[in-house]
Amino acid sequence: MPDTVVEDVSTLGTTLSRRFPLGVSARPRENAPDTVNVAVYAPALDHVVLCFQPPEGTWKAILLPDMSDGVHHGLVTGLPVGSRYGFYAGTRDGLEGNIDPEVVQLFLDPYGRYIDERTGTDGAVKYTSVRMQSDFDWGESKSPRTPRRNSVMYEAHVRGQTMLHPEVPEEIRGTYAGMAHPSIIKHLQELGVTAVELLPIHFHIDEPHLDGTGMSNYWGYNTLGYFAPHVKYASAQARERGPEAVQAELKGMVKLLHLAGIEVILDVVYNHTAEGGQGGPALSWRGLAEEQYYRMRDGSYFDTTGCGNTLNFGNPNVIKMAMDSLRYWVEEFHIDGFRFDLAVSLARDGDHEFTNQHPFLLAAATDGVLASTKLISEPWDVGYGGWQTGNFPTGWSDWNDSFRDNVREVWLSDRAAKFDGHHQGSLAKFGDALGGSAELFAQSGRSPMASVNLITAHDGFTLADLTAYNEKHNEDNQEGNRDGNADNRSWNHGVEGIANDPVILAQRARTARNMMATLLLALGIPLITAGDELGRSQGGNNNAYCQDNEIAWLDWSMDDEAKTMLAATKRLVQIRKDFLSEQPSSYPTRGGESFIHWFGADGLAMTPERWTNPHERVLTMLMGSPNGQVDGLVVFNAGITDEDVTLPANPRFAEDPSVVPHPYKLRMTTSGAYLDDDGEPSFSLPRAVPRVRAGESVPVEANTIQIYRNGLPKP
């Protein structure tokens with residue numbers, strides 16, 4: 001057995017240590033720089049031993065001598081930056097020679113800033129926390145603080161974004177450095193996105209059921225450290241240089257994105273941990289305070305996440321851990337916001353019931369550090385009463401699954417039903433989605449800007465696959481295609497999967513452009529899934545959580561289809577930005593500063609009867625502000641037949657006939673691209689396109705969106 005057993009047991013620091021802050025923290029100047037306060041929440045344990053190994057040193061053990069309010073704490077000398085450490089539960093008797101940290105899995109510090117992963121002398125993987133310092137030169141980098149109404153978010157995976165990118169050097173593909181490479185930043189800037197929402201970068205591990213499959217938890221929703229970055233997303237060079245270099249590479253990524261005007265939002269998983277179900281491995285929280293950290297009922301786990309355990313946000317110490325973690329990422333890494341996975345589980349009270357007045361929700365929204373960030377809920381979990389879209393409080397935005405479902409139905413499942421001679425739904429829910437799902441969010445006192453609109457996300461079909469598959473094809477996940485959601489509201493346009501018919505391919509591409517246009521023209525905050533702007537396919541896999549390979553990585557080969565989809569997305573984002581730039585800053589959240597008028601194909605206003613009529617398949621949306629410089633008009637033909645559509649008179653000018661607006665100017669149609677002077681696809685229409693006066697008709701092909709501008713006459 002290696003000489004790594006307990007070397008020293010002491011009760012130093014009883015009168016000097018404190019129960020706060022939790023974790024390992026430096027002491028005041030009068031103490032040596034290697035003297036630290038150590039505090040860990042473990043109310044059920046009689047004694048907690050700190051085991052630590054200074055760089056190039058041997059393991060030592062210190063019995064934390066004091067306990068206050070469930071927190072064991074002590075003042076420890078000789079623990080410099082870079083030391084590995086962990087906790088061991090024991091008694092004063094029997095500690096001598098009893099701990100070998102190279103064999104025993106020590107309990108990780110829930111507040112540990114870095115996690116070291118290595119193979120122990122017994123051949124098993126061992127994890128230890130590492131003491132860190134926070135020095136970094138941020139230079140002129142500042143948070144862009146993009147207003148919500150101007151935000152266009154982009155959900156990306158640090159690894160998958162760059163693994164196949166030909167301009168990113170091979171040695172940094174799939175890394176934090178790769179995400180900040182000039183070619184990636186250029187793509188994001190040209191696309192027009194204002195924020196990247198990164199899938200989890202907290203330290204995470206694989207679930208046991210993936211052992212021996214050759215697969216891993218690619219998405220990362222299996223957290224082992226809420227204060228620690230995921231080490232494997234750092235470049236090999238940074239990992240070789242050590243923890244400080246890994247941390248610096250991540251901060252450098254944030255810095256460069258900020259300098260480019262792009263916010264960084266983290267997808268965070270505070271609803272469950274990587275320790276799995278009851279009786280699983282004790283890696284941290286389970287060994288320190290199982291009954292306090294996890295939701296329990298009648299002595300058993302009460303799981304509302306479907307992941308084996310659920311963190312107990314009915315316990316103030318759990319709330320504190322999450323709040324401290326969030327502040328840490330804002331203050332030390334300059335993160336701009338957070339998307340909370342299965343956020344309903346974070347807002348369940350002591351009786352396991354959801355409440356939108358939960359202390360955590362209110363604390364996060366009012367905290368002096370967090371209030372300036374974007375707080376975004378995934379407003380559901382798998383427990384009773386788990387669907388809460390629209391019910392989160394002021395200060396929060398919600399992922400809007402109703403928007404997703406309604407848009408998919410109109411452009412996909414309803415059209416498929418019509419072609420098959422079956423009944424289809426009306427446009428009522430579609431109109432509500434375009435208007436920011438006001439009815440859904442009004443009950444919580446929030447505006448349409450609380451709606452994060454999405455059509456796809458990491459979980460589910462890509463935009464291209466929605467148009468190419470009726471059924472999920474998850475065989476590569478080795479679960480017999482039982483995993484993943486079977487209710488996708490998708491439509492393959494007549495052929496399942498790969499097709500060679502140019503008519504089918506053209507219609508699929510147009511449908512994808514229509515959904516992207518709907519996303520970017522609706523009120524609310526649009527969220528684009530990385531790769532959708534390139535027509536990325538996962539071959540029908542709608543649950544690629546375990547596919548760290550070409551199935552889930554972005555394909556940057558840029559064929560004609562990818563170039564066309566990218567050109568359409570860029571044009572749509574630019575139209576959105578142009579429109580907003582000509583509205584007052586209070587648009588559309590302040591009363592009296594926004595309007596939407598709805599019309600049918602005949603140019604007449606929609607009525608309650610027309611909204612519920614399933615045969616109405618053309619909808620015209622006129623939107624703007626009484627104080628804006630331009631109004632926008634969008635014609636949606638979601639039917640299966642071409643239509644002549646009458647452009648309506650603008651009600652804005654009805655009361656003052658002396659004001660004559662400019663005729664409508666067509667800015668884009670989703671019907672198809674044309675080739676510019678360089679032979680590249682473009683959706684920017686030439687200036688010579690004739691304008692259309694109100695009351696005149698225009699032909700609109702089936703499965704097409706046309707976007708117009710209605711400008712004011714200059715004084």
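**Figure 1. Lining of the second largest pocket in the predicted model.** The lining counts 43 residues. Those nearest the pocket centre are A464, G535, D559, E561 and A562. The volume comes to about 990 Å³. Three helices, α11 (463–466), α12 (502–521) and α13 (560–581), each give at least two residues to the lining of this pocket. α12 makes the largest contribution, with 8 residues.

**Figure 2. The largest cavity and the elements around it.** Searching the whole structure turns up 3 cavities of 30 Å³ or more. The largest cavity has a volume of about 260 Å³. It is lined by 25 residues. L521, I575, R576, F579 and M623 lie nearest its centre. Two or more lining residues come from each of α12, α13, β24 (630–637) and β30.

**Figure 3. Strand β26 and its partner β30.** Strand β26 covers residues 665–669, and 4 of its 5 residues are buried. The strand is therefore largely enclosed by the rest of the structure. β26 runs antiparallel to β30 (residues 704–711), and 4 bridges join the two. Within this pairing, L666 of β26 stands opposite Y708 in β30.

**Figure 4. The hairpin of β8 and β9.** Strand β8 (residues 115–119) pairs with β9 in the antiparallel sense, over 5 bridges. I115 has S129 in β9 as its bridge partner. The hairpin has 5 residues between its strands. In this hairpin, G123 takes a positive phi near 85 degrees.

**Figure 5. S141 in the loop between β9 and β10.** The loop lies between β9 (125–130) and β10 (153–156). Is S141 buried or exposed? Its relative accessible area is 6%, under the 20% cut-off, so S141 counts as buried. Apart from neighbours within four places in sequence, S141 is in contact with K255, H258 and L259.

**Figure 6. Buried residues of helix α5 and their packing.** Helix α5 spans residues 285–293. Its buried residues are W285, R286, G287, L288, A289 and Y293. What do these buried residues pack against? The partners include strands β2 (36–41), β7 (84–89), β13 (223–229) and β16 (300–301). Helix α6 (316–333) is also one of the packing partners.

**Figure 7. E332 in helix α6 and its contacts.** E332 is found in helix α6. With a relative accessibility of 23%, E332 counts as partly exposed. Which residues does E332 touch, not counting residues up to four places away in sequence? They are S134, W138 and K251. E332 and F136 are 196 residues apart in sequence. In space, their C-alpha atoms are 8.9 Å apart.

**Figure 8. The two assigned domains and the annotated span.** The domain assignment gives domain 1 as residues 5–131 and domain 2 as residues 595–710. Taken over C-alpha atoms, the centres of domain 1 and domain 2 are separated by 67 Å. For residues 161–576, UniProt lists "domain: Glycosyl hydrolase family 13 catalytic" in an unreviewed entry. That span is 35% helix and 11% strand. The C-alpha atoms at the ends of residues 161–576 lie 25 Å apart.

Conventions
Residues numbered from 1 in each chain as written. Predicted model: local features only at pLDDT ≥ 70, side-chain atom pairs only at ≥ 80, totals over all residues. Heavy atoms only, no water. Buried < 20%, exposed > 50% of the residue type's maximum accessible area, 1.4 Å probe, protein only. Pairing = 2+ DSSP bridges. Contact = heavy atoms within 4.5 Å. Domains from an automatic or database assignment. UniProt positions renumbered as here; feature names shortened; annotations may be inferred. 1 Å grid on protein atoms, 1.4 Å probe; cavity = no way out; pocket = protein on both sides within 12 Å on 5 of 7 lines; lining within 4 Å. Points joined across faces, edges and corners; volume = space filled by probe spheres on them.
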